[in-house]
Amino acid sequence: MEPVKATILVVEDHRTTRTFLADNLAADGYEILEAACAADAVRLLDTKFPDLALVDLGLPDQDGLGLVDRIRSGDPATARTDPELPLIVVSGRSSGLDLLRGFQRGCDDYMAKPFDYQELRARIVALLRRTRRRPTAGRIRIGPLEVDPLGRQVWLEGEAVALSNKEFALLRMLATEPTRAFTRTELLRRVWGYSDAAATRTLDSHAARLRRKLGRHDARFVINVWGVGYRLIDGGTTA
């Protein structure tokens with residue numbers, strides 16, 4: 001049995017089933033988060049950042065596929081929840097059409113109830129092993145600057161930097177590909193949701209404030225690329 005340290009969110013309104021899953025997964029070494037409805041699941045997704053979620057479809061406040069939609073539709077640059085979070089639907093809906101809809105909406109695997117726990121566990125292990133091979137949404141380091149995309153925190157030389165939501169979203173977007181010049185149109189669309197560059201002043205003012213907040217000890221990180229947009233460097237040089 002391979003060592004496991006992942007955190008699993010169990011989204012299940014049936015208390016007996018939820019307890020069964022939580023107890024067995026905890027016994028297998030996983031950290032467990034429990035949600036009895038979609039609203040509780042959203043809160044945990046946005047604050048606890050699980051590594052995988054098991055989602056029932058028959059939730060009391062929302063169809064489970066709506067929860068899957070919410071996760072998958074998140075913008076990687078601004079969403080708190082990882083849009084690529086591994087998702088396994090565990091549901092009493094077992095028809096071929098139900099399975100098709102689940103996969104079309106974005107789940108990675110689908111198990112019909114009643115299920116065999118050992119099979120479910122094997123699928124969890126396989127999915128976590130596969131997804132851990134892809135780049136994660138973990139902390140990003142650019143020289144002395146460190147960005148936690150999911151925790152929405154920033155440190156410069158080990159000291160926390162307080163940023164507004166949009167300042168953080170802009171920095172997070174730039175940090176996804178350090179040194180690449182992002183166009184103004186691209187940044188306005190991804191961070192603010194604007195379809196054109198009409199709000200250039202909004203971008204420039206946020207970039208200027210972000211530059212000042214990161215400008216300790218004369219370091220420079222946010223660079224204006226004339227005629228293009230902005231890029232991020234390691235703080236040591238503008239070359």
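Analyst: Before we start, a working definition: buried means under 20% relative accessible area, exposed means over 50%, and partly exposed lies in between. Please also keep in mind that this is a predicted model.

User: Is K113 buried, partly exposed or exposed?

Analyst: Happy to begin there. The relative accessible area of K113 is 23%. Buried would need a value under 20% and exposed one over 50%, so K113 counts as partly exposed.

User: Which residue forms a salt bridge with K113, and where do the two lie?

Analyst: K113 sits in the loop between strand 5 and helix 5 (117–131), and its partner in the loop between strand 1 and helix 1, so the pair ties together parts that are 101 residues apart in sequence. The closest N and O atoms are 2.7 Å apart. With a relative accessibility of 2%, the partner counts as buried. That partner is E12.

User: Which residue is linked with E12 and K113 in a network of salt bridges?

Analyst: A search of the whole structure finds 15 salt bridges. The one between K113 and E12 belongs to a network with a further member. That member is D56.

User: What is the strand order in the open sheet of five strands?

Analyst: The pairing in this sheet is parallel. Strand 2 (31–35) and strand 5 (109–112) each have a single partner strand, so one side of each is left without a neighbour in the sheet. Neighbouring strands are turned by 20° against each other on average, direction ignored. The order is 2-1-3-4-5.

User: Which residues pair with V11 on either side?

Analyst: V11 takes part in two pairings. Strand 1 (residues 7–11) is joined to strand 3 (residues 52–55) by four bridges, the two running parallel, and strand 1 also pairs with strand 2 in the parallel sense over five bridges. In strand 3 the bridge partner of V11 is V55, and opposite V11 in strand 2 stands A35.

User: What is the handedness of the β-α-β unit made by strand 1, helix 1 and strand 2?

Analyst: Helix 1 (residues 15–27) lies across strand 1, strand 2 and strand 3. Its direction makes about 170° with strand 2. The unit formed by strand 1, helix 1 and strand 2 is right-handed.

User: At about what angle to strand 2 does helix 2 run?

Analyst: Helix 2 covers residues 38–48 and lies across strand 1 and strand 2. Relative to strand 2, helix 2 runs at about 145°.

User: Which residues does R123 touch, not counting residues up to four places away in sequence?

Analyst: R123 lies in helix 5 and is partly exposed, at 26% relative accessible area. One of the residues it touches is 35 residues away in sequence, with the C-alpha atoms 8.8 Å apart. The full set is I88, D109, Y110 and M111.

User: What is the strand order in the open sheet of four strands, and which strands are at its edges?

Analyst: Here the pairing is antiparallel, in the order 6-7-8-9. Within this sheet, strand 7 (residues 145–148) and strand 8 (residues 153–156) pair over four bridges, and V147 has V154 as its bridge partner in strand 8. Helix 6 packs on the sheet, touching strand 6, strand 7 and strand 8, and makes about 105° with the direction of strand 7. The strands that pair on one side only are strand 6 (140–142) and strand 9 (159–160).

User: Which residue meets E146 in a salt bridge, and is that residue buried or exposed?

Analyst: E146 itself is buried, with a relative accessible area of 15%. Its salt bridge spans 3.0 Å, N to O, and the partner is R141. At 59%, which is over the 50% cut-off, R141 is exposed.

User: Where do the two residues of the R209 and E167 pair lie?

Analyst: Their side chains meet in a salt bridge of 3.2 Å, N to O. R209 is partly exposed at 30% relative accessible area, whereas E167 counts as buried at 2%. The pair ties together parts that are 42 residues apart in sequence, because R209 lies in helix 8 (residues 200–213) and E167 in helix 6 (residues 165–175).

User: At what angle do helix 7 and helix 8 pack?

Analyst: The axes of helix 7 (residues 184–192) and helix 8 are 10 Å apart. Helix 7 is roughly perpendicular to helix 8. R184, L187, L188 and W192 in helix 7 meet T200, T202, L203, D204 and H206 in helix 8. The packing angle is about 80°.

Conventions: Residues are numbered from 1 along each chain as its sequence is written. This is a predicted model: local features need pLDDT of at least 70, side-chain atom pairs count only at pLDDT 80 or more; totals for chains, interfaces and linings use all residues. Side-chain values use heavy atoms; hydrogens and water are left out. Two strands pair if DSSP finds at least two bridges between them. Axes are lines fitted to C-alpha atoms, for helices over the stretch in contact, and angles run from 0 to 180 degrees between N-to-C directions. Contact means heavy atoms within 4.5 Å. A salt bridge is a side-chain nitrogen of Lys or Arg within 4 Å of a carboxyl oxygen of Asp or Glu. Buried means under 20% relative accessible area, exposed over 50%, partly exposed in between (1.4 Å probe, protein chains only). A crossover is right-handed if, with the strands pointing away from the viewer, the path from the first strand over the helix to the second runs clockwise. Angles under 35 degrees count as roughly parallel, over 145 as roughly antiparallel, 65 to 115 as roughly perpendicular and the rest as oblique.
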